[in-house]
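Hello,

Here is the structure I promised to pass on. Please open it first, then read my notes below.

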Amino acid sequence: EKGGYEHFMLKEIFEQPSVIKDTYRGRLLADQGIVRLGGLEDHIEKFINADRIIIVACGTSWHAGLVAEYIFEDLVRIPVEVEYASEFRYRNPIISEKDVVIAISQSGETADTLAAIKLAKSKGAFVYGVCNVVGSTISRETHSGTYTHAGPEIGVASTKAFTTQITVLAMMALRLAKAKGTISKPDYMLYLRELELIPTHVEEALKTDSKIEEISAVFKDARNFLYLGRGYNFPVALEGALKLKEISYIHAEGYPAAEMKHGPIALIDEQMPVVVIAIKSDHYDKVVSNIQEIKARKGKIIAVVSKGDTVVREMADYVMEVPHTPEALTPLVTTIPLQLLSYHIAVMLGRNVDQPRNLAKSVTVE
Ligand code: M6R
């Protein structure tokens, strides 16, 4: 059942090209300029007239929510707030019928997310679910929603659920941007075509696996890791750090790269590996200067770079290459090498990759 892979996690990482396709199949027709999500079509007005979109989720699903915040604000121009479900539900939040809540959950059973949904509903908000497990409690408790179609995710560390959640959220943003008129026709068509190419790009990123295994061998005994990214890739840095923590038990922190100088830079010395997402984007030059600051303090740089990059390659100790895609879609590719890095390190340390200590696949306790 692991399809020849040593662990479910590895199988699920490698399934991503095909499950991302499953996620957009029949929903994204790039040539015809169509994005159509069954659960969304009847509620488009609700979304585009909303005062705010509030996203509630936990863990990796919360990271997907953060990526969605960037995409929605960028393309749909609706203010978005992303909340840990566990904080939202306990702090007497201000919500009304003018708000739309998106709840993201792989399992559809996470207790805190479910409680946040119930609270939002009780205040009159419209609640939309993005779940993977069909018929799950959250999919039933929400007013409408979209399934991710990632197939069963067995590994406790979420991988394909994350990329398929982002795929759904990107499709939602594109559909809503079109309805609201906040995206130009050429940009809209470009995004559709680029989204369709993501499985091919993920496939290509997966081909660097053996290189990433070599890098993993170099750093497996590090006690701490820092993960840095900016913009759309700040949530990817958080996700990379979470993945490493939960399966290898190595302490890792994700940070927006520019926050380094406000504290974490004090941690940098020759012992500290720093994973930097340094792909070609609007923030490229800024990330390059962040890398210089780390190098000046002898930190070890493992950089995720765009294919063909030369500048960062010169500066970094190790690079992991990903194909080029528009910035809003980059989390779908930059997250791949980080999944593989944490996987290989955990295997090398002899950890129970699919069932890390103290963790459960669905957290049904509050
Ligand atoms: O099933 P959910 O998406 O609601 O689960 C949320 C978190 O418990 C989950 O993402 C957790 O953080 C994973 N172990 C991360 O890999």
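Charge comes first. The protein chain carries 41 positive and 47 negative side chains. The centres of the two sets lie 1 Å apart. Lys and Arg count as positive here, Asp and Glu as negative, while His and the chain ends are not counted. Each charge is placed at NZ of Lys, CZ of Arg, CG of Asp or CD of Glu.

A word on the source. This is a predicted model, where local features need pLDDT of at least 70, side-chain atom pairs count only at pLDDT 80 or more, and totals for chains, interfaces and linings use all residues. Residues are numbered from 1 along each chain as its sequence is written, and side-chain values use heavy atoms, with hydrogens and water left out.

Now the overall form. A compact globule of 366 residues would have a radius of gyration near 21 Å, and the protein chain agrees, with 20 Å. That radius is taken over C-alpha atoms, and the globule rule is 2.2 Å times the number of residues to the power 0.38. The C-alpha trace spans about 55 × 45 × 45 Å along its principal axes. Of the 366 residues, 60% are buried. Buried means under 20% relative accessible area, exposed means over 50%, and partly exposed lies in between (1.4 Å probe, protein chains only). The accessible surface comes to about 14600 Å², and carbon and sulfur atoms hold 48% of it. Areas come from the Shrake-Rupley method with a 1.4 Å probe; for residues, only the protein chains shown count as cover.

The chain has 15 helices and 12 strands. Both are DSSP runs numbered from the N terminus: helices are H or I with at least four residues, strands are E with at least two. Among contacts with a separation of 6 or more, 75% join residues 24 or more positions apart. Contact means heavy atoms within 4.5 Å.

Two helices deserve a look. Helix α9 covers residues 160–180. Its 21 residues reach 30 Å from first C-alpha to last, close to the 30 Å expected at 1.5 Å a residue. The expected span is 1.5 Å times one less than the number of residues. In α9, 18 of the 21 residues are buried, so the rest of the structure largely encloses this helix. G181 comes just after α9, with a positive phi of about 75°.

Helix α12 covers residues 234–248; its 15 residues should span 21 Å, and its end C-alpha atoms are indeed 21 Å apart. Here 13 of the 15 residues are buried. One residue of α12 is E246. E246 is buried, at 14% relative accessibility. Beyond four places in sequence, E246 touches V156, A157, S158, P356 and L359.

What follows α12? Y249 does, with a positive phi near 65°. Most residues other than glycine have a negative phi. Y249 is not a glycine. Y249 sits in the loop between α12 and β9 (251–256), and is partly exposed at 25% relative accessible area.

K298 is also not a glycine, yet has a positive phi of about 70°. Its loop runs between α13 (284–296) and β11 (300–306). K298 is exposed, at 54%.

Last, P323. It lies in the loop between β12 (318–322) and α15 (331–348). At 8% relative accessibility, P323 is buried. Its contacts beyond four places in sequence are H201, E204, A205, K307 and V333.

Best wishes
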